[in-house]
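Dear colleague,

I am handing over the structure we spoke about, and it is placed directly below. After it you will find my notes on what turned up, with the terms explained as they come.

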Amino acid sequence: MGIRGGAGAALEGVRASVAALDALTLEDQKLDNAAMAAAGAGVDVLQRRYEIRLERLEVAARLEAHLAAVKARDVADAVEIQHALLAPDAPVHERTYAEMSAVEEIAGVLTVSSAAAGALMEHSRRICSLPPVMNALAAGAISWQHARIVADETEGLAAEGALALVAHFFDPDAPHPARGAAPGDLVPSRFRAKVRGWRERHHPESIEKRHVKGVADRRMEYTPDKNGMAWVSLYLPGDTACAIWNRTTATARGLQGPDEPRTLTQLRPDIAASLLLGAGNTTQTGNPSAVGQVPAPRADVLVIVPVFSLLGLTDEAAVLDGFGPIPASVARRLVADGADSFYRVLVDPRNGAALEIGRTRYRLTETIKRWIRMRDAKCTFPGCTNRTPDNDTDHLKAWEHGGTTNVSNLAQLCPKHHRLKHHSPWTPDPATENNPPGWTSPTGRHYNAEQQDAEPTPWPPGTWPQWPQWAVPRECRCLDPHPEDLPQWEPDDARYVDLNDLLTSDPVWAEFLATSFALFPDAIGARP
């Protein structure tokens, strides 16, 4: 059969990676042998040895990907050859046993369980059937974990749907390719979140129908564990689970202080247990203060709803901050119930840009904080998965060094990476109104920002001619025109003012913020 489908490129990659490891190891040995001479020549030997370790880790990661591609191709081929050994008209049971036999042989060769070998076979088959994924793995551009995520998330999709998903993430010439960091530059959990979000929006069965099925399967599970511990899990609608998580996190933050020894991670389960067993109960570990004595703070959850979904004209999924896509019906219910989670962000009416409040003040308005939460969705540090309720809104360029308080100089950082930024040479790029910052490491490695995978909003059937593009929010436009291409809006009536002419201290802002959100239903059917 020869070397097929990416395996040849993978083997070339193996040889190149081994050669690179040899070269780096040889350089390291020379530094050992000539450390004094190098120091005399002004070479920072320790710094170079540190960089060599990082470079070898990079090469080793690529080598693991090359070998994973070789393994996947061989597993898929082994099963295919086993089938080819049978007669073309062999009955189904013979083919089934031939495949079972091959799986058991693979399990023996790799010293893994039959179940693990069977899972490897299924993943290998699917990855090999998706050439862009196999090629990326063979080239060392993604890891086996990334490739397996694609295999998992394309399961149950028709061939067309699977190819469209792969094209979105691996083909830069696709109609709406993924933005921001490449798949291999995202930690696997973040890559899975992006792939799953795309799958939810494009699944052939609507998220409304799948949500109804999921709600019917809700349950609680209890699993004993070692050291006298146990797990309690809840399978709930996403908005409910997200609200529980944010409520316990907010309450935990309210309890933290100099006299509270428990960490945030320890406080969350203590609070959940106390609330379930009764607010008067106390935990048996840490500070015995009763959770019920702490006022429950409001846990802000942002719900980003396309305007047509909010109006009930389409069923496009909304996005729940800290969770991901949710059915439009759930989002409409959250808004209709008066949830405090649906927030406005002030924008310039001419170009849709977020309001820049300049250097008039250091402290941030809640409006700007919520805009940053919507834009970043999580801590912006490379690889961090910490969600927004736990994070700080930080000035990328410090205020005392001339940094301004506007969206291009603000980003979400978790407490850990907030401290690291101020005590190490890790450097953020500037942000933009719609994209979080990338980062540069102390050794000069640059990490692109993880950008949200926004797509144009589908228009309701027959409404496109009736909705002038300038009449809907910027997030809902099917096109993303340059600001210079937009109609220039200037007030021509004494009742209207240009927001750019107002100072941030003007009382009009307070009146504007207090105004209820309006959907302008009369715009439906109106012609320009």
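**What was found**

Of the 528 residues of the chain, 38% count as buried, where buried stands for under 20% relative accessible area, exposed for over 50% and partly exposed for what lies in between, with a 1.4 Å probe and protein chains only. Please keep in mind that this is a predicted model, in which local features need pLDDT of at least 70 and side-chain atom pairs count only at pLDDT 80 or more, while totals for chains, interfaces and linings use all residues. Residues are numbered from 1 along each chain as its sequence is written, and side-chain values use heavy atoms, with hydrogens and water left out.

The secondary structure of the chain comes to 17 helices and 10 strands; these are DSSP runs numbered from the N terminus, helices being H or I with at least four residues and strands E with at least two. Among the contacts in the chain with a separation of 6 or more, 59% are between residues 24 or more positions apart, contact meaning heavy atoms within 4.5 Å.

Turning to the open and closed spaces, the second largest pocket has a volume of about 1,200 Å³. On a 1 Å grid over the protein atoms alone, a pocket is an open set of points with protein on both sides within 12 Å along at least five of seven lines, a cavity is a set of points where a 1.4 Å probe fits but cannot get out, and lining residues have an atom within 4 Å of a point. Grid points are joined across faces, edges and corners, and a volume is the space filled by probe spheres set on the points. The second largest pocket is lined by 42 residues, and Glu-58, Gly-184, Asp-185, Leu-186 and Tyr-447 are the ones that lie nearest its centre. Helix α3 gives the most to this lining, with 9 residues, and α3, α7 (144–154) and β10 (446–447) each supply at least two. By class the lining has 22 nonpolar, 11 polar and 9 charged residues, with Ala, Val, Leu, Ile, Met, Phe, Trp, Tyr, Cys and Pro counted as nonpolar, Asp, Glu, Lys and Arg as charged, and the others, Gly among them, as polar.

Leu-186 also appears in the lining of the largest cavity, together with Phe-169, Ala-178, Ala-181, Pro-183, Phe-191 and Lys-194. This cavity has a volume of about 30 Å³, and its lining holds 6 nonpolar, no polar and 1 charged residues.

Helix α3 spans residues 45–84 and includes Ala-61, which counts as partly exposed because its relative accessibility is 41%. The C-alpha atoms of Ala-61 and Ser-143 are separated by 7.6 Å, although the two residues are 82 residues apart along the chain.

Two residues other than glycine have a positive phi and may be worth a look in the viewer. Thr-111, with a phi of about 55 degrees, sits in the loop between α4 (92–110) and α5 (114–128), and Thr-111 counts as exposed because its relative accessibility is 70%. Ala-377, with a phi near 70 degrees, is found in the loop between α15 (366–376) and β6 (392–395), and Ala-377 counts as buried because its relative accessibility is 12%.

With best regards
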